[in-house]
Amino acid sequence: MTQVQFVEVKPFVSCAKDLEVVYHIPSSIRTSGKHYVALYEVGETNSEQFTWVWAGKTVPLEQEKNGLTVKWQKGKVVFRSHVLPKLSDGREHFFMYCNEDGTSLGTSRPFQFCTDSDQFS
């Protein structure tokens, strides 16, 4: 089964400003107002998530892939800067899209937080 995919998660992201997270949900997954996107530190368990926000409404999205049209739902959430880790000290984090039961429907690639004065790649 195809899972939720997080779009354009960079290796380093700023902890000094609000963070917009965009994701694509396969059209086969029924969305709900009780779904959420959580921020975890790599190695942490579900009960130790850093913070989370409710998943918002989605809009239809179609993409061409290998000559086939793939139907998605595009969504985005915003993590406010005041809830983000201030320094990651080299620790990696990731996003997880969860349904109302807390079941993971997809995770992002790992990334690190840094201040605006740090180098971004």
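How many of the 121 residues in the protein are buried, as a percentage? Buried residues account for 36% of them. Keep in mind that what you're looking at is a predicted model.

**The overall layout**

Let's start with the secondary structure. The protein has 10 strands and 0 helices. Walk along the sequence and the pattern you meet is β-β-β-β-β-β-β-β-β-β.

Next, the contacts. Take those between residues at least 6 apart in sequence: 64% of them join residues at least 24 apart.

As for the outside, the protein's accessible surface comes to about 7500 Å². Carbon and sulfur atoms own 49% of that surface.

**The cysteines**

Now for a pair of residues worth finding in the view: C15 and C114. Here they are side by side.

| Cysteine | Relative accessibility | Closest cysteine sulfur |
|---|---|---|
| C15 | 4%, buried | C114, 6.8 Å |
| C114 | 5%, buried | C15, 6.8 Å |

Why do C15 and C114 count as buried? The cut-off is under 20% relative accessible area, so C15 qualifies with 4%, and C114 does too with 5%.

How many disulfides does a search of the whole structure find? The search turns up 0. A disulfide is a covalent bond joining the sulfur atoms of two cysteines, and to be counted here the two sulfurs have to lie within 2.5 Å. For C15, the closest cysteine sulfur is the one in C114, but it sits 6.8 Å away, so it is too far for a bond. Looking from C114, the closest cysteine sulfur is in C15, and that 6.8 Å is again too far for a bond.

Terms used
Residues are numbered from 1 along each chain as its sequence is written. This is a predicted model: local features need pLDDT of at least 70, side-chain atom pairs count only at pLDDT 80 or more; totals for chains, interfaces and linings use all residues. Side-chain values use heavy atoms; hydrogens and water are left out. Buried means under 20% relative accessible area, exposed over 50%, partly exposed in between (1.4 Å probe, protein chains only). Helices (H or I, at least four residues) and strands (E, at least two) are DSSP runs, numbered from the N terminus. Contact means heavy atoms within 4.5 Å. Accessible areas come from the Shrake-Rupley method with a 1.4 Å probe; for residues, only the protein chains shown count as cover.
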